[in-house]
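Me: Please take a close look at one part of this structure with me. I'm in my first year, so a connected explanation would help, with each term spelled out as it comes up.

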Amino acid sequence: MQLPSPPPHRGSAQIKGPARSGDQAGQDCSMSGTDPNHAAGKAPDSDQGQAAVALAYQRFEPKAYLRNNYAPPRGDLSNPDGVGPWKLRCLAQTFATGEVSGRTLIDIGSGPTIYQLLSACAHFEDITMTDFLEVNRQELGLWLREEPGAFDWSVYSQHACRIEGKGESWQEKEHQLRARVKRVLPIDVHQAQPLGTGSLAPLPADALVSAFCLESVSPDLASFQQALDHITTLLRPGGHLLLIGGLEESWYLAGEVRLVVVPVCEEEVREALVCSGYEVRDLRTYAMPAHLQTGVDDVKGIFFAWAQKKVGA
């Protein structure tokens, strides 16, 4: 069984230091700077570890996951210091630079969520959403087709419109996103060709977005690095990756299943991006406040990274 690339997007986060931008020269890609406990936790048989993760994800419940992370209290966007507004602000500000644009974008491991594409859809005409799990792809289909039972993302759409300040209505925003998502495909980030052979997605993409995916489906730090390497093959040289994930998180709940997460810190994320051939343009962190630590995970914070694939990488 292959490991998922999946679900994820767990309103999560931690501050590991001040936000910084720019690449660090002279990084050692042996990952020697990582926490020795993480290195010691490397699975002796990566395939076996990834298969165990894939098996656990068969019990993933999209609606429970959405309730845990995108309904109040984490889904309360009225507090500008909340985790939801922070993620939407990071995305909107990055797309507002005008540098992250093109024709094609792939969302890696979309899970059952769409908020990560609300600011992106104005800048890309062909968007591919992906997930390892059929139940998540089905959940996305409900929203894309405006069918009964779909999760209501209107609060997120309204907030994104307010941040962007273009005078666009949330209905227009959602209509544009639905129109520009051209396909929802299976993906496995632990395969050298994550989308398989003969993919329906135009490749290489001009940009990638991935939120709460890689650390959520990797049994160890080496698998996290390899998964990042794999998705990087889908991106053109000079293209951009926007990566969001949990910091120092080891588990989360999605219904009855308790899913394991590989804990990563800010410097491990930075080093992994450099080792995969990126220039780190921006790396920000957010500390999860006590009132949002609701018992559905043990996340300490989240990171937002904007990285650009080097030409020749």
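Reply: Happy to! Let's begin with the vocabulary: helices (H or I, at least four residues) and strands (E, at least two) are DSSP runs, numbered from the N terminus. What you see is a predicted model, in which local features need pLDDT of at least 70 and side-chain atom pairs count only at pLDDT 80 or more, while totals for chains, interfaces and linings use all residues. Residues are numbered from 1 along each chain as its sequence is written, and side-chain values use heavy atoms, with hydrogens and water left out.

The part I'd like to show you is strand 5 and its surroundings. First, the setting: the chain has nine helices and nine strands. Of its 313 residues, 57% count as buried (buried is under 20% relative accessible area, exposed is over 50%, and partly exposed is in between, using a 1.4 Å probe and protein chains only). Sequence distance matters here too: of the contacts between residues at least 6 apart in sequence, 80% join residues at least 24 apart (a contact means heavy atoms within 4.5 Å).

Now find the sheet. Seven strands form an open sheet with mixed pairing, in the order 3-2-1-4-5-9-8 (two strands pair if DSSP finds at least two bridges between them). Strand 3 (181-185) and strand 8 (278-287) are at the edges with a single partner strand each, so each has one side without a neighbour in the sheet. From one strand to the next, the twist averages 15° (axes are lines fitted to C-alpha atoms, for helices over the stretch in contact, and angles run from 0 to 180 degrees between N-to-C directions).

In that order, strand 5 sits between strand 4 and strand 9. On one side, strand 5 (residues 235-247) pairs with strand 4 (residues 205-211) in the parallel sense, over six bridges. Look for S210, which stands opposite L243 of strand 5. The route from strand 4 to strand 5 involves helix 8 (residues 221-232), and the three make a right-handed β-α-β unit. Right-handed here means that, with the strands pointing away from the viewer, the path from the first strand over the helix to the second runs clockwise.

On the other side, strand 5 and strand 9 run antiparallel, joined by eight bridges. Here L247 has G301 of strand 9 as its bridge partner. Strand 9 in turn pairs with strand 8, again in the antiparallel sense, over nine bridges; in this pair, Y278 is matched with K309 of strand 9.

How enclosed is strand 5 by the rest of the structure? Eleven of its 13 residues are buried, so strand 5 is largely enclosed. Strand 8 is at an edge of the sheet, yet seven of its ten residues are buried, so strand 8 too is largely enclosed by the rest of the structure. Part of the surroundings is helix 9 (residues 266-275), which lies across strand 5, strand 8 and strand 9 (301-309) and runs at about 160° to strand 8.

Let's zoom in on one residue of strand 5, namely H240. With a relative accessibility of 4%, H240 counts as buried. Setting aside neighbours within four places in sequence, H240 is in contact with E99, V100, D206, A207, L208, L235, R281, W306, A307 and Q308. There is also a distance to look for: a polar atom of the H240 side chain lies 3.3 Å from the backbone oxygen of E99.

Finally, follow the sheet over to strand 3, at an edge. What covers the buried residues of helix 5 includes helix 3 (62-70), strand 2, helix 7 and strand 3. Those buried residues of helix 5 are N136, E139, L140, G141, L142, W143 and L144. Just after helix 5, E146 takes a positive phi of about 55°. Farther along the chain, the loop between helix 5 (134-144) and helix 6 (154-164) holds G149, which counts as exposed at 53% relative accessibility. Leaving out residues up to four places away in sequence, G149 touches K63, E139 and L142. E139 is ten residues from G149 in sequence, and their C-alpha atoms are 8.9 Å apart in space.

Technical notes:
Polar contact = N/O pair within 3.5 Å; in protein donor to acceptor, adjacent residues only side chain to side chain.
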